[in-house]
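Here's a quick briefing for anyone opening this structure for the first time. Take a look at it, then work through the points below.

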Amino acid sequence: MVTPSMRSMNVRCRRPSDPPEGPYGVGVIAANLNPWFIGNLLIGGFIGMIIDLASGAAGTYPASVAVAMPAPPPVVIEPPAEPQPTGRRGRPIS
């Protein structure tokens with residue numbers, strides 16, 4: 001859960017398959033003015049405004065955010081080793 005605020009928030013995301021050191025997608029989530037803040041300002045006056053600003057209730061964040069992710073690191077697949085020829089008893093031929 002994110003606490004409401006009027007400050008923008010920096011985010012850093014990574015895929016579960018990526019190592020902890022990254023690569024990361026980064027973005028900034030801008031805070032928006034909560035529409036109820038205007039109503040509280042009209043009803044509660046200056047005191048309502050101060051309470052909303054102090055508690056963070058004056059700001060909201062979007063419900064979802066898209067973060068551009070860098071391309072995943074390339075996957076290196078090594079070819080299988082050549083099988084060694086074996087004799088009738090399954091032992092390698094030397």
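L53 sits in helix α1. Keep in mind that this is a predicted model. L53 is partly exposed, since its relative accessible area is 46%, and L53 also belongs to a nonpolar patch on the surface.

**The nonpolar patch**
- Joining L53 in this surface patch are M6, L33, I38, L42 and I43.
- Taken together, the residues of the patch offer about 650 Å² of accessible area.
- Which element gives the patch its largest share? That's α1, with four residues.

**Fold and overall shape**
- You'll find one helix and four strands in the protein.
- Walk along the sequence and the order is β-β-β-α-β.
- The C-alpha trace stretches over about 95 × 20 × 20 Å along its principal axes.
- The radius of gyration is 28 Å, whereas a compact globule of 94 residues would come out near 12 Å.

**Surface, burial and contacts**
- About 7900 Å² of the protein's surface is accessible, and carbon and sulfur atoms account for 62% of that.
- How much of the protein is buried? Buried residues are 14% of the 94 residues.
- Looking at contacts between residues at least 6 apart in sequence, 58% link residues at least 24 apart.

**A residue just ahead of the helix**
- N34 lies in the loop that runs between β3 (32–33) and α1 (35–55).
- Is N34 buried or exposed? N34 counts as buried because its relative accessibility is 15%, and the cut-off for buried is under 20%.
- Setting aside neighbours within four places in sequence, N34 has contacts with A57, A58, G59 and T60.

**The salt bridge**
- The structure has one salt bridge.
- Here's the general idea: side chains with opposite charges can pair when their charged atoms come close.
- In this model, the side chains of R15 and D18 make the pair, at 3.0 Å from N to O.
- How do the two partners sit with respect to the surface? R15 is partly exposed, because its relative accessibility is 22%, whereas D18 is buried, with a relative accessible area of 6%.

Notes. Residues numbered from 1 in each chain as written. Predicted model: local features only at pLDDT ≥ 70, side-chain atom pairs only at ≥ 80, totals over all residues. Heavy atoms only, no water. Helix = DSSP H or I, 4+ residues; strand = E, 2+ residues; numbered from the N terminus. Buried < 20%, exposed > 50% of the residue type's maximum accessible area, 1.4 Å probe, protein only. Contact = heavy atoms within 4.5 Å. Patch = residues over 30% accessible without salt bridge, like charges linked within 9 Å, V, L, I, M, F, W, Y side chains within 5 Å. Areas by Shrake-Rupley, 256 points an atom, 1.4 Å probe, with all protein chains shown as cover. Salt bridge = Lys/Arg side-chain N within 4 Å of Asp/Glu carboxyl O. Rg over C-alpha atoms; globule rule 2.2 N^0.38 Å.
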